[in-house]
Amino acid sequence: MTGRIAGTRARTIASGVFAVLISLFLLAPVAIIIIVSFDATQNFTFPPASYSTIWYERFLGSPLWRSAIWNSLQVALLSTLIATTIGFFAALALVRGRFRGKDFVYTLILMPMIVPTVIFAVALYLALALVGLGGGMLAISIGHAVLTLPLVTLILASNIKSIDQGQEMAAFSLGAGWWYTLRRVTIPSARLPLVSAALFAFLFSFDELVVALFLSGVKTETLPVRIWNSLIYSFDPTVTAVSAFFIIVTGLVLALDGFLKWRAGRG
């Protein structure tokens, strides 16, 4: 009995050590890029010989970089709104609906995850150009919304399955209409999954490059596209500060998602 307990404890310790090592391996590049972003020189040695905030000053002080941040923020918010709205109703239909071709619709929604992004971006560019939406903020938002739709639908569908349908049936039996039940019962029950799906959709759109590269215009350059353009001919040291900015934004959004789940768990 004592040997079994000791063996279980040893396996637990070994699993914990392994998890810590994997975490350190994954976080090491993130830590390195943040430290290097404070290098005062353009040599980018690790660890830096001297430290400075010059690259952050150039990043935040440049009108081009600030405009790219604002464009990315607008695109991410609009695409998140589109993807979350469509994804919610798609997930609701796939989970609760009974109709022919459900598997085909499900596969169709997942297509952006299967088709290579470059091929999808070219097809989307041609399709939007036909209706006069190429090279604009709306075009990039639509492209990102289509790309994030599978992720949003998967998150919401898995959570809608766990929602008690009896509350909806009770609302219907008491005379509530479909729209009233959706607003007062279904959506409040799926509030946390909706927020979580929206946060992940925002992150995906904010970081996406390929579709934005095809659909952006001169005045609608997003932050990833601006990074790409600054690296075409030479390495711009400002990119290290921009990379750290991306890491901070990603960390804040993931922390917010974790906090909301923790708070809901306590409640």
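This report describes the fold, selected side-chain interactions and one surface patch of a predicted model.

**Overall architecture**

The protein has 267 residues, of which 36% are buried. Its secondary structure consists of twelve helices and zero strands, so that, read from the N terminus, the order of elements is α-α-α-α-α-α-α-α-α-α-α-α. Among contacts with a separation of 6 or more, 71% are between residues 24 or more positions apart. The accessible surface amounts to about 15,700 Å², and carbon and sulfur atoms account for 70% of this area.

**Two buried residues of helix α6**

Helix α6 spans residues 137-160 and contains Thr148. Leu147 is also placed in helix α6.

Thr148 has a relative accessibility of 1% and counts as buried. A polar atom of the Thr148 side chain lies 3.2 Å from the backbone oxygen of Ala145. When residues up to four places away in sequence are set aside, Thr148 touches Ala83, Ala201 and Phe204.

Leu147 is likewise buried, at 8% relative accessibility. With residues up to four places away in sequence again left out, Leu147 touches Pro112, Thr117, Phe120, Phe204, Glu208 and Val211. Phe204 therefore appears in the contact lists of both Thr148 and Leu147, which are buried at 1% and 8% relative accessibility, respectively. The C-alpha atom of Leu147 is separated by 8.9 Å from that of Met111, a residue 36 positions away along the chain.

**The salt bridge in helix α12**

Side chains of opposite charge can pair when their charged atoms come close. In this model the count of salt bridges is one. The pair consists of Asp257 and Lys261, whose closest N and O atoms are 3.3 Å apart. That distance meets the criterion because a salt bridge requires the side-chain nitrogen to be within 4 Å of the carboxyl oxygen.

Both partners belong to helix α12, which covers residues 238-266. Asp257 and Lys261 are four residues apart, about one turn of the helix. How do the two partners stand in burial, buried or partly exposed? Asp257 is buried, with a relative accessible area of 7%, whereas Lys261 is partly exposed at 42%.

**Aromatic pairs**

A search of the whole structure yields nine aromatic pairs. Two of them are set out below.

| Pair | Geometry | Centre to centre | Angle between planes |
|---|---|---|---|
| Phe88 and Phe89 | edge-to-face | 5.4 Å | 75° |
| Phe259 and Trp262 | tilted | 5.9 Å | 35° |

The Phe88 and Phe89 pair is classed as edge-to-face because its angle of 75° falls in the range over 60 degrees. Its members are not alike in exposure: Phe88 is buried, with a relative accessible area of 4%, while Phe89 is partly exposed at 37%.

The Phe259 and Trp262 pair lies within helix α12, its residues being three apart, about one turn of the helix. Phe259 is partly exposed at 40% relative accessibility, and Trp262 is also partly exposed, with a relative accessible area of 47%. Helix α12 thus holds this aromatic pair as well as the salt bridge between Asp257 and Lys261.

Ring pairs also link a cluster made up of Phe59, Trp65, Phe202, Phe206, Phe245 and Phe246.

**A nonpolar surface patch**

Which residues make the nonpolar surface patch of about 690 Å²? The patch is formed by Val118, Val122, Tyr125, Leu126, Leu213, Phe214, Trp228 and Ile232. Two or more of these residues come from each of helices α5 (117-130) and α10 (210-215). Helix α5 supplies the largest share, four residues.

Tyr125 is a member of the patch and is found in helix α5. Tyr125 is partly exposed, at 36% relative accessibility. This value is compatible with membership of the patch because patch residues must have over 30% relative accessible area.

Terms used: Residues are numbered from 1 along each chain as its sequence is written. This is a predicted model: local features need pLDDT of at least 70, side-chain atom pairs count only at pLDDT 80 or more; totals for chains, interfaces and linings use all residues. Side-chain values use heavy atoms; hydrogens and water are left out. Buried means under 20% relative accessible area, exposed over 50%, partly exposed in between (1.4 Å probe, protein chains only). Patches are made of residues with over 30% relative accessible area and no salt bridge: like charges are joined within 9 Å, nonpolar side chains (Val, Leu, Ile, Met, Phe, Trp, Tyr) within 5 Å. Accessible areas come from the Shrake-Rupley method with a 1.4 Å probe; for residues, only the protein chains shown count as cover. Contact means heavy atoms within 4.5 Å. A polar contact is a pair of N or O atoms within 3.5 Å; within protein, one must be able to donate a hydrogen and the other to accept it, and residues adjacent in sequence count only if both atoms are side-chain atoms. Rings of Phe, Tyr and Trp (its six-membered ring) pair if their centres lie within 6.5 Å; planes under 30 degrees apart count as stacked, over 60 as edge-to-face and the rest as tilted.
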